[in-house]
Every structure is written in C-alpha cells, then in structure tokens.
Amino acid sequence: MTTALVTGANKGIGLEIVRQLVDRGLTVYLGARDAERGEKAAADTGARFLQLDVTDPASIERAAASLDRLDILINNAGITGGMMNGPGHADLASVRDVFNTNVFGVIAVTDAMLPLLRASAHGRIVNMSSGVGSLAGMATSQTPDSLAYVPSKTALNAVTVLYAKVEPNLRVNAACPGYCATDLNNHAGHRTAAQGAAIAVHLGTLDDDGPTGGFFDDNGAIAW
Ligand SMILES: NC(=O)c1ccc[n+]([C@@H]2O[C@H](COP(=O)([O-])OP(=O)(O)OC[C@H]3O[C@@H](n4cnc5c(N)ncnc54)[C@H](OP(=O)(O)O)[C@@H]3O)[C@@H](O)[C@H]2O)c1
C-alpha cells in the first residue's frame, strides 16, 4: 500500500490522519474543498493537495481523474449541522445538508475511486463514523438528540456494510475516533485529534486477512 487519499483533511482528525500516513512513508493526497486551506495543510505535512468537495460532483470527478493509483481511501469529511435538530424542532434543510456531506458525499467519492481501489492489490476504505450512530447505544443519555448527525452516521454504517459485501477483495470498515477536541465540537472533546486519527490509520493499513464490514474504535468492535 503506497497511496492514500483522506477527505476533509485540512484540519482536525483528517489532518492528523494525513500526518500519520505520511510518517509511514505513504504518498498521501490531502483532500480539501478550499484550495488555500488545503495547500497550506499539505505544505505543513508533506502531503499532496487535492481539491475535493465531497458534495460537488465535478470536483469529485476531477479528483478521481487526476489520480492514477489509490490503495487507501479514508472518507473523513463530516459536518454536524449543529446539535439542535432534535425531534419536534428539526431544521430539515440542515438535516439534508448533513446527509449530503456525511452519507451521499461518501457514496459519491467512494464510487468515483472504486476503479482505482479495485486495481490495487490491497484496497482499503475507512469511513469515519461515530459511536453516536450505534443503534445499540442510541437510547443512552450520551447520544445527542440530533436528527441530522446521529442518523447520518447510522446510515454511513449501513453504507460501509454494503460496500464490504459487494467488494470482498477490499477491506471496508467504519471507524469511531472517540470524542476528540476539534472545531466540530468547539474543542470540547477529551481526546486529541491525533488520538482519534489512530483507528482510521490502523483500519486503512490492515493486513489482507484483516476484518471487513466492521465498526471499530481503539478498543475493538463497536455494537451496531
Ligand atoms: N471530533 C469528534 O469528537 C468526532 C467524533 C466522532 C466522529 N467524528 C468524525 O470525524 C470526522 C472528522 O471530524 P473532525 O472532528 O476532525 O471535524 P472538523 O475539525 O470540523 O473537520 C471536518 C473536516 O471536514 C471538511 N469538510 C466539511 N464538509 C466538506 C465537504 N463538503 N467537502 C470536503 N470537506 C469537507 C472540513 O473542511 P472545511 O475546513 O473546509 O470546513 C474539515 O476539513 C467527521 O466525519 C466527524 O463526524 C468526529
């Protein structure tokens, strides 16, 4: 495995995933929707900037056409839409925006990159999910009442299982980084972005006999 792409990688956990993959000697494409932020992050990390807005089909098509090989795709870009979209007062436009990025964006980027990943001898896909998307854990008080973010990650988990089933030669898994201090949560998380990146790097560099179609954090498998 020599070449990786990380989406939404100009800051936060994505940026740390890039750093850790570059440290392992991989050629890493740092996906970012904004050229200025992306170029700067790429220069800071030794990665190559790739303009990629996961909600923009033209941007996705251009990005895929510019690559001639890809072994590891890490679908990291994500938004919350705020955590105020609870039952009874959901802002449906915001719910749509969140699904557009966190679910439809992942499908669009993954489909565009699949020919390259299939051509790799060790293709890997990691979808940055969240423990809050676990149906098993959803009734607990820790899960925010967001009809946008929470179900978007549950849907992403389903997307992960289907790609794993249809692409048995790839290793396709969902990752939970834990609660990390990033802009996503106004830096309220108790873990660092680098700690959150580790599970994605692990799943992205799995051996050929590693698991596929699973949902993992640093402690192992998470209940769906
Ligand atoms: N932080 C946590 O505690 C936590 C917990 C569980 C799961 N996660 C997941 O981990 C992933 C990374 O989150 P984070 O905490 O690192 O958040 P973050 O610091 O807010 O970073 C999110 C990244 O996604 C990018 N992005 C948003 N919309 C995009 C689009 N349409 N196209 C391309 N890039 C886009 C952002 O780019 P801009 O700078 O241009 O906005 C930014 O680079 C997300 O999927 C999140 O749901 C985070």
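**View 1. Polar contacts between the ligand and the protein.** In this close-up, an oxygen atom of the ligand is 3.1 Å from a polar backbone atom of Gly8, a polar contact being a pair of N or O atoms within 3.5 Å. An oxygen atom of the ligand also lies 2.8 Å from an N or O atom in the side chain of Arg37, while a nitrogen atom of the ligand is 3.0 Å from a backbone N or O atom of Val54. Taken alone the ligand exposes 900 Å², of which the protein buries 94%, with accessible areas computed by the Shrake-Rupley method with a 1.4 Å probe. The model is predicted, and local features need pLDDT of at least 70, side-chain atom pairs count only at pLDDT 80 or more, and totals for chains, interfaces and linings use all residues. Residues are numbered from 1 along each chain as its sequence is written, and side-chain values use heavy atoms, without hydrogens and water.

**View 2. The shell around the ligand.** The ligand is surrounded by 29 residues, and the closest are Arg33, Arg37, Asn76, Tyr149 and Thr182; a residue belongs here if one of its heavy atoms lies within 4 Å of the ligand. H1 and helix H5 (149–166) each supply at least two residues of this shell, helices being DSSP runs (H or I) of at least four residues, numbered from the N terminus.

**View 3. Helices H1 and H2.** Leu15, Val18, Arg19 and Val22 in H1 meet Ala41, Asp44 and Thr45 in H2, where contact means heavy atoms within 4.5 Å.

Notes: A polar contact is a pair of N or O atoms within 3.5 Å; within protein, one must be able to donate a hydrogen and the other to accept it, and residues adjacent in sequence count only if both atoms are side-chain atoms.
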